[in-house]
Amino acid sequence: MAQNIYDNAEFFAGYSGLRRSVHGLAGAPEWPAIRALIPNLAGKRVIDLGCGFGWFARWARENGAEHVSGYDLSEKMIARAKADTSDPNIVYTIADLDRLELPEASFDFAYSSLALHYVVDFERLIRAVHRALLPDSQFVFTIEHPIYMAPSRPGWTVDSEGRRTWPVDGYAIEGPRVTDWLAKGVVKQHRMLGTTLNALIKTGFSIRHLQEWSPTGEDLAAIPDLADERERPMMMIVAAGR
Ligand SMILES: C[S@@+](CC[C@H](N)C(=O)[O-])C[C@H]1O[C@@H](n2cnc3c(N)ncnc32)[C@H](O)[C@@H]1O
């Protein structure tokens, strides 16, 4: 079972103050790249895995989706999603993606933003998503890039002054990695790039696009804090066909 760090009060307060939590999709610099991969959602039934505050669910409905089912482990995230949404065709459910069962052949589009690196059994979830999607549908997700993962050995990627250096150590050692981001002891799951992509391929998805996202010059001019993202990709954007 995955850790539920978003319900930790300190973590939740920190996360709520991030640009993407305050401004939603407009505050996520990778959003234009994701947006370009999203098919026409008119009349579509959508699942959002790790929906957080529900920013994407609301956008999907504003852009024609018939229904959105958002799943998230965190009671606090879901509580705010519900408070910020007044749309009977968006249903938020507290659920662990490591145990989630979905109705067969019931959705036309699956989405997930920065949640899948918390999932322990990635392949199990991908099989569940594949079963839940109708033929010819699509799955677009972002996930932390494995090169960005926390070190497997304390101090490995920190220089003598305590500044983080890159890239990740122990790349081939898959499994939990612990980092201190917004709170101490945040657990994420390290998987090699091949493991993530092969889980999709083995399940029957075809990879349509893989982007190791980094900011454009324009992004950097607008948000100079993004400079680290040029040193190594922090996330991947994947579009897969069912
Ligand atoms: C970085 S936030 C992203 C939220 C939202 N997708 C967005 O982009 O605004 C990651 C979300 O994944 C959720 N999450 C983490 N592990 C999960 C799990 N095992 N099952 C369901 N949700 C999980 C967290 O509670 C959190 O809301």
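Start at the ligand: select the 21 residues that surround it, and you'll find Ala2, Gly50, Gly52, Ser113 and Tyr118 as the closest. Keep in mind that you're looking at a predicted model. Color that shell by residue class and it splits into 13 nonpolar, four polar and four charged residues.

Next, pick helix 4, residues 55-62. Which of its residues are buried? Show Trp55, Phe56, Ala57, Arg58 and Ala60 as sticks; those are the buried ones in helix 4. To see what they pack against, add strand 1 (45-49), strand 2 (67-72), strand 3 (90-94) and strand 4 (107-113). Before leaving, step just past the end of helix 4 to Gly64, where phi is positive, at about 100 degrees.

Now hide the helix and go to strand 5, residues 133-144. Nine of its 12 residues are buried, so to speak "mostly covered". What does strand 5 pair with?

- Strand 4 runs parallel to strand 5, joined by six bridges. For one pair to click on, take Ser112 and its bridge partner in strand 5, Phe141.
- Strand 9 (residues 235-241) runs antiparallel to strand 5, with seven bridges between them. Here, select Glu144 and look opposite for Met235 in strand 9.

If you're flipping between the two sides of the sheet, remember that side chains in a regular strand alternate between its faces.

Last stop: show strand 4, helix 6 (residues 122-132) and strand 5 together. Trace the chain through these three elements and you have a β-α-β unit, and a right-handed one.

Technical notes:
Residues numbered from 1 in each chain as written. Predicted model: local features only at pLDDT ≥ 70, side-chain atom pairs only at ≥ 80, totals over all residues. Near = placed C-beta within 6 Å. Nonpolar A, V, L, I, M, F, W, Y, C, P; charged D, E, K, R; others polar. Buried ≥ 20, exposed ≤ 12 C-beta atoms within 10 Å, placed from the backbone. Helix = DSSP H or I, 4+ residues; strand = E, 2+ residues; numbered from the N terminus. Contact = placed C-beta atoms within 7 Å. Pairing = 2+ DSSP bridges. Right-handed = clockwise from strand over helix to strand, strands pointing away.
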